[in-house]
2 protein chains.
Amino acid sequence: MEAAVKRKRTRIQKEKRETILEAALEVFSTHGFRGSTIDQIAEAAGMSKPNLLYYFRGKEEIHETLIARLLETWLAPLKELRADGDPLTEIRSYIRRKLEMARDYPRESRLFANEILQGAPRIMPLLEVDLKNLVDEKAEIIEGWMRAGRIACADPWHLIFSIWATTQHYADFDAQVRAVLGPERGGEGRFEDAGRFLEQLYIGGLRPKG
Amino acid sequence: MEAAVKRKRTRIQKEKRETILEAALEVFSTHGFRGSTIDQIAEAAGMSKPNLLYYFRGKEEIHETLIARLLETWLAPLKELRADGDPLTEIRSYIRRKLEMARDYPRESRLFANEILQGAPRIMPLLEVDLKNLVDEKAEIIEGWMRAGRIACADPWHLIFSIWATTQHYADFDAQVRAVLGPERGGEGRFEDAGRFLEQLYIGGLRPKG
DNA sequence: CAATTTTTTGACCGATTGGACAAACGTTAG
DNA sequence: CTAACGTTTGTCCAATCGGTCAAAAAATTG
């Protein structure tokens with residue numbers, strides 16, 4: 001209670017909130033926001049609906065908490081791109097990190113994709129500020145490499161978009177990827193195959209001419 | 001009525017069904033299946049809910065009709081990939097066609113993305129048969145080009161995935177692309193920029209070594 | 001014109017939804 | 001023990017959902 005400003009949470013509150021968020025991630029990522037019900041989340045979290053609503057004010061607050069926390073995780077790989085590294089190595093590492101995230105955190109990727117797909121109504125401000133600033137900053141770095149002739153010239157923003165697209169594809173469109181590859185080729189090896197392909201594509205496509 | 005097998009539709013029925021499908025595409029693509037209501041679709045189509053339900057048996061049937069029709073449109077660009085053409089030209093044309101579809105039919109792309117994101121519950125059989133067969137066939141062609149040394153060797157399935165991902169990204173994640181590019185760079189020119197970038201990436205990445 | 005068929009609508013229904021609430025339960029400090 | 005606190009639950013509610021239905025209104029046909 002208090003003035004709602006003070007964050008005084010008991011141990012149980014912290015634990016239960018985590019349990020709920022974990023369950024909500026599972027449910028939201030597979031059914032979308034409107035497709036998910038509080039009952040579903042409550043059941044997945046192993047508690048009753050009123051009990052869940054004791055820890056979160058409502059469905060919206062759960063979703064907001066999840067998205068806000070997710071954005072940090074999502075920006076992290078790009079933040080690691082360093083201007084003082086070897087360009088091709090830096091880009092290759094970034095692709096690898098993003099692909100690992102698609103493999104290890106597909107639910108987070110799908111939650112994010114769901115939100116963007118529907119116009120990002122709940123996070124547009126964050127995208128326009130935090131994400132845009134980060135991308136602008138890193139695009140600047142990449143552009144510097146290009147001007148120095150260390151990699152081929154290309155639009156750095158669209159380069160970043162293409163890396164997002166190709167890597168997250170394996171999380172967001174997993175159902176389609178599996179369907180097309182079939183049971184044999186669609187196993188766990190698909191991420192290694194994808195990694196090899198993407199590395200070759202980007203190394204070849206970005207190697208400076210000459 | 002009749003035996004339901006015979007398709008005897010009056011002029012009004014055909015027109016109204018088209019109006020409904022157009023409205024449903026708009027609504028479904030921005031809110032997903034569960035996020036959309038019949039009332040929303042009816043209002044977007046300019047008619048009452050019972051009137052809409054006079055032309056379609058239910059929400060599910062509208063969605064199914066939409067998806068079935070969409071799949072044809074969606075497979076078409078890949079079908080045009082011809083084994084007897086110049087490899088790099090064929091691939092470049094395919095990328096261009098897909099990018100044009102993302103630009104001109106973003107709602108269709110998002111409808112499809114929504115469905116796949118949630119595990120493709122309604123079209124998995126179609127993916128496993130129609131889509132898989134088509135991709136396998138075209139992957140075979142691409143593999144032939146690679147064996148002949150006409151383009152660099154790479155996994156043809158993942159090559160196709162990457163083309164899907166990078167082109168559809170501009171429709172599915174349009175909100176994010178616009179947010180990052182900002183008002184100036186995010187205008188209509190973004191598709192031309194994307195086209196130039198992707199062409200360079202794939203031409204460079206697939207040019208045979210030597 | 002009247003008869004018939006197609007189209008449209010207002011009223012309604014059962015099910016599900018997000019959420020409220022008081023009562024009950026459990027735990028711990030005195 | 002009791003009082004105070006945090007936690008949990010059963011019950012209930014208003015709103016919304018997909019869908020039905022009978023009857024009105026148009027349109028078509030004779």
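## Note on the A–B interface and selected residues

1. **A cross-chain salt bridge.** The side chains of Arg185(A) and Asp155(B) form a salt bridge, at 3.2 Å from N to O. The model is a predicted one. In total, the rule finds two salt bridges across the interface of chain A and chain B. Polar contacts add to the picture: ten residue pairs meet this way across the interface, both partners at pLDDT 80 or more.

2. **Who supplies the surface.** Six helices of chain A are listed as giving two or more residues to the side that touches chain B: H1 (11-35), H6 (106-117), H7 (124-147), H8 (156-172), H9 (174-185) and H10 (190-206). H8(A) gives the most, with twelve residues. By class, this side of chain A has 28 nonpolar, 19 polar and ten charged residues.

3. **Extent of the interface.** 57 residues of chain A contact 57 residues of chain B. The two chains bury about 4900 Å² between them. Carbon and sulfur atoms account for 67% of that area.

4. **Symmetry.** How are the two copies related? A turn of 180° with a shift of 0.0 Å along the axis lays chain A on chain B, and the RMSD is 0.1 Å. The copies are therefore related as by a two-fold rotation axis. Gly205(A) is the residue of chain A that comes closest to the rotation axis, with its C-alpha at 2.1 Å. Of the interface residues of chain A, 100% are also interface residues in chain B, so the copies meet through the same surface.

5. **The fold of one chain.** Chain A has ten helices and zero strands. Read from the N terminus, its elements run α-α-α-α-α-α-α-α-α-α. The C-alpha trace of chain A spans about 65 × 45 × 30 Å along its principal axes. Chain A has 210 residues, and 54% of them count as buried. Sequence-distant contacts deserve a look too. Among contacts in chain A between residues at least 6 apart in sequence, 67% join residues at least 24 apart.

6. **Cys153(B), in a loop.** Is Cys153(B) buried or exposed? Cys153(B) counts as exposed, because its relative accessibility is 53% and the cut-off for exposed is over 50%. Its place is the loop between helix H7 (124-147) and helix H8 (156-172) of chain B. Leaving out residues up to four places away in sequence, Cys153(B) touches Gln200(A) and Met146(B). One of these partners, Gln200(A), is in chain A. Cys153(B) and Glu115(B) are 38 residues apart along the chain, and their C-alpha atoms are separated by 32 Å.

7. **Asn114(B), in a helix.** Asn114(B) is found in helix H6 (residues 106-117) of chain B. It counts as buried, because 5% relative accessibility falls under the 20% cut-off. Which residues does Asn114(B) touch, not counting residues up to four places away in sequence? From chain A, the partners are Asn114(A), Leu117(A) and Gln118(A). From chain B, they are Phe28(B), Ser29(B) and Gly32(B). Asn114(B) thus touches Asn114(A), its counterpart by number.

8. **Ala120 in both copies.** This residue merits a backbone check. Phi of Ala120(A) is near 55°, a positive value in a residue other than glycine. Ala120(A) is found in the loop between H6 and H7 of chain A. Its relative accessible area is 0%, so Ala120(A) is buried. Chain B gives its own entry: Ala120(B) has a positive phi of about 55°, although it is not a glycine. Ala120(B) lies in the loop between H6 and H7 of chain B. At 0% relative accessibility, Ala120(B) counts as buried.

9. **Arg17(B), a buried arginine.** Arg17(B) lies in helix H1 (residues 11-35) of chain B. Why does Arg17(B) count as buried? Its relative accessibility is 13%, and buried means under 20%. Not counting residues up to four places away in sequence, Arg17(B) touches Arg9(B), Tyr55(B), Phe56(B), Glu61(B) and Thr65(B).

Key:
Residues are numbered from 1 along each chain as its sequence is written. Chains are lettered from A and ligands numbered from 1 in the order in which they are written. This is a predicted model: local features need pLDDT of at least 70, side-chain atom pairs count only at pLDDT 80 or more; totals for chains, interfaces and linings use all residues. Side-chain values use heavy atoms; hydrogens and water are left out. Contact means heavy atoms within 4.5 Å. Buried area is the accessible area (1.4 Å probe) that two parts lose on being put together, summed over both. A salt bridge is a side-chain nitrogen of Lys or Arg within 4 Å of a carboxyl oxygen of Asp or Glu. A polar contact is a pair of N or O atoms within 3.5 Å; within protein, one must be able to donate a hydrogen and the other to accept it, and residues adjacent in sequence count only if both atoms are side-chain atoms. Helices (H or I, at least four residues) and strands (E, at least two) are DSSP runs, numbered from the N terminus. Ala, Val, Leu, Ile, Met, Phe, Trp, Tyr, Cys and Pro count as nonpolar, Asp, Glu, Lys and Arg as charged, and the others, Gly among them, as polar. Buried means under 20% relative accessible area, exposed over 50%, partly exposed in between (1.4 Å probe, protein chains only). Copies are superposed by least squares on the C-alpha atoms of residues with pLDDT of at least 70 in both.
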